[in-house]
Amino acid sequence: MCEITLLMVQQIEEMSTFPRISLKPEVADHLRSVFLNKEVLAAVGHQVAESRFQKLLTCLSHPPSHTCIRASTHLAPLEEIRHKLAEELEKQMCSSSAGEVAVQIVPHPRIPDVLLLPVDGPRPVKQLSSEVVVGAQCGSAVLRGAHVFAPGIVASPKYMKAGDAVSVLSDSEGRCTRGATSFQGNRVFVGNGVAQMDRSAIFCTEEPVKGVGVRMVEPLYQSPSFDGVLPDMAFLQNLPSVVVGHVLGPRPGERILDMCAAPGGKTCHIAVLMRDQGEVVALDKIRNKIGRIRQNAQMLRLRSIKVYCFDSTRAVSSDPTAGAEGPPFPPESFDRVLLDAPCSGLGQRPNMSCTWSLKEICSYQPLQRKLFQAAVRLLKKGGVLVYSTCTVTLSENEEQIAWALETFPCLMLQPQEPHIGAEGMLGAGLSPERLRLLQRFSPELTWDQTAAPLPCRADGDTIGFFIAKFLKN
C-alpha cells in the first residue's frame with residue numbers, strides 16, 4: 001500500500017476497538033477494485049474512494065451502535081409494546097447490577113413498527129487471566145447482547161468450574177481445536193462473564209451440550225439479552241431487513257411469494273403488513289430451516305403463511321394449466337415477489353473474519369440470476385418485485401440490476417419508501433437517475449459520525465445491505 005493509504009489505515013484503526021475484518025488477500029484485492037472502480041474514481045477521486053474502502057473493512061468488524069426491534073403491531077400498539085419491553089429489560093438489568101436502570105427505547109421516526117435501543121460500547125472492561133474461547137459466530141452474538149451458549153465454546157481452562165469468573169475471547173479465524181485448554185492464535189476479547197457449567201459438562205459428554213455456558217456480566221458492548229423477552233411482540237431484526245418489507249408494500253388480499261424465506265423474519269413481516277389477509281407463500285430449499293419459518297409464524301399468530309420446502313429456481317410450472325396450490329406455480333401467479341437472494345453476506349456485522357476464497361465470494365451471481373428469471377415469470381403484470389441482498393459487492397447488487405433491466409424490458413425501477421439508505425454505487429454503468437432509485441445501506445459512510453442522535457445514527461450505522469424495487473409492465 002502507498003504511504004497515504006497506510007496513514008489512512010492508521011488513522012481509522014485509532015478510532016477502532018477491533019482489527020479490520022480479516023480476508024484472504026485475493027478477496028481483499030477484489031473488494032478494493034470494486035470500491036475503487038473507474039466510475040467511483042472519476043466521481044470522487046482516489047483518496048475519498050480509498051478512505052471509504054478502509055472504513056468499510058473496519059466497521060464490518062464492529063457491531064452497530066444500536067439494537068433494532070421490529071414490534072408486532074398487529075398484536076398491540078407500538079407504545080404498549082415499547083412500555084412492556086422497557087419493563088422487561090429493566091427487570092433483567094436490575095437483576096444483574098445494583099440499583100435501578102433506565103432503559104432507553106426510541107421509536108424510529110419514519111418506520112412505524114421499529115424500536116431502537118442504543119448499545120453502550122466499547123466499555124472499559126479489564127481482561128482476566130482465566131479465558132474461555134468461543135467460535136467467531138458465538139463471539140459476534142455476544143457483541144450484540146447474547147450470553148455464551150455452551151455449543152459455542154471451543155476452549156476453556158482445564159479446571160473451570162461453574163461460578164468461575166472468566167474472560168470470553170472470540171476465535172476470529174476458526175483455528176482453535178475444540179476441547180483445548182488454551183489458545184494463542186488470533187482472538188478478540190469481547191467481555192467477562194461467569195461460567196454456568198463445569199468444563200466436563202461442556203466437553204466430556206456424549207450428549208449434545210445445551211444451555212448457557214457463560215453468563216456475560218461485563219460485555220465489551222452492553223446490549224440487553226432478548227432471550228425469552230416478549231418473543232411474540234419484540235422481534236430482533238436488522239433495520240434494512242425491516243425496510244425491505246415496507247418497500248415491498250404488501251396489501252390485504254394479495255398473494256405474495258417470498259422465494260428464499262428462511263428463517264422467516266421477512267415472511268412474517270409481510271403477513272403483518274397485509275394484516276394477515278391474503279396469502280404469503282414461503283419457499284426454501286433447505287428442509288431443516290422450514291420448521292423455523294412455521295415456528296415464527298405460529299408464535300406471531302399469523303395464519304396467512306404457507307410454507308413449502310422447494311427450490312425456487314424451479315418454482316415456475318411448465319404446464320400453465322397446472323394447479324396453483326403448491327409449487328411449482330403457473331406463470332403470473334403472484335401480485336408481489338420478494339427475492340431476498342442468497343449472497344456472499346459481506347455486509348453482515350460484526351464479522352471479524354471471512355475465510356472464503358474469491359471463487360466462493362463470486363459464486364452467487366449465476367444462482368441469483370436463475371432466481372431472478374423465475375421471479376419475473378411468477379410475477380403478474382402490474383406486480384412488484386423486490387430484490388435484496390446483505391452484501392456489499394457490485395456483482396451481486398448494481399450489476400444484477402443493470403443485467404435485469406437489459407434482460408427483462410418489462411421491468412421498470414421504482415422509487416422506494418422508506419428510502420433511508422444511500423443511493424446505488426457507481427461502477428455498473430447505471431444512470432444517476434437509476435442509482436437514485438436504488439437503496440444501498442453503506443455503514444462506512446457514517447462510520448465516524450458518532451455524535452448524531454440515535455434515530456439519525458441508526459439509519460446509517462447498519463449492516464451492509466442492498467434493495468431494488470421493480471414494477472412489471
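Let's start with helices H8 and H9, which are oblique to each other. Their axes come within 9 Å and cross at roughly 40 degrees. Angles under 35 degrees would count as roughly parallel, so this pair falls into the oblique class. The crossing of H8 and H9 is right-handed. If you want to find them on the screen, helix H9 covers residues 265–273, and helix H8 covers 239–248. Please keep in mind that what you are looking at is a predicted model.

For anyone new to this, two packed helices are described by the angle between their axes and the distance between the axes. With that in hand, try a second pair. How do H2 and H4 lie relative to each other? Helix H2, residues 25–35, packs against helix H4, residues 46–59, at an angle of about 135 degrees, and their axes are 9 Å apart. Angles over 145 degrees count as roughly antiparallel, and H2 and H4 are therefore oblique to each other. H2 passes H4 in a right-handed crossing.

Now back to H8, as it takes us to a cavity. Rolling a probe the size of a water molecule over the atoms shows where empty space is left. How many cavities of 30 Å³ or more does the structure hold? There is 1, and its volume is about 50 Å³. Which elements give two or more residues to its lining? They are strand E2, residues 66–71, and helix H8. Among the lining residues are Pro64, His66, Cys68, Arg144, Leu239 and Pro240, and Asp461, Thr462 and Ile463 belong to the lining as well. By type, the lining divides into 5 nonpolar, 4 polar and 2 charged residues.

Strand E2 leads us on to the sheets. Strands of a sheet pair through backbone hydrogen bonds, either parallel or antiparallel. E2 sits in an open sheet of 4 strands, in the order E3-E4-E2-E11, with antiparallel pairing. Strand E3, residues 106–107, and strand E11, residues 234–236, stand at the edges with a single partner strand each, so one side of each has no neighbour in the sheet. E2 pairs with strand E4, residues 114–118, over 5 bridges in the antiparallel sense. We have already met His66 in the cavity lining, and here its bridge partner in E4 is Pro118.

There is another open sheet, with 6 strands in the order E6-E10-E9-E8-E5-E7, and its pairing is mixed. Which strands stand at the edges? They are strand E6, at 148–149, and strand E7, at 153–155; each has a single partner strand, so one side of each is left without a neighbour in the sheet. E6 pairs with strand E10, residues 212–219, in the antiparallel sense over 2 bridges. In this pairing Val148 stands opposite Val214 in E10.

Last, a few backbone details. Most residues other than glycine have a negative phi, and most peptide bonds are trans. Here are some places to look at with that in mind. A cis peptide bond joins Ala262 and Pro263, with omega about 5 degrees. Pro263 is in the loop between strand E12, residues 255–258, and H9. The bond from Pro327 to Pro328 is also cis, with omega near -5 degrees, and Pro328 lies in the loop between strand E14 and strand E15. Finally, Asp276 has a positive phi of about 60 degrees although it is not a glycine. You will find Asp276 in the loop between H9 and strand E13.

Definitions and conventions: Residues numbered from 1 in each chain as written. Predicted model: local features only at pLDDT ≥ 70, side-chain atom pairs only at ≥ 80, totals over all residues. Heavy atoms only, no water. 1 Å grid on protein atoms, 1.4 Å probe; cavity = no way out; pocket = protein on both sides within 12 Å on 5 of 7 lines; lining within 4 Å. Points joined across faces, edges and corners; volume = space filled by probe spheres on them. Nonpolar A, V, L, I, M, F, W, Y, C, P; charged D, E, K, R; others polar. Pairing = 2+ DSSP bridges. Axes fitted to C-alpha atoms, helices over the stretch in contact; angles between N-to-C directions. Parallel < 35°, antiparallel > 145°, perpendicular 65-115°, else oblique. Left-handed = near helix turned anticlockwise from the far one by under 90°.
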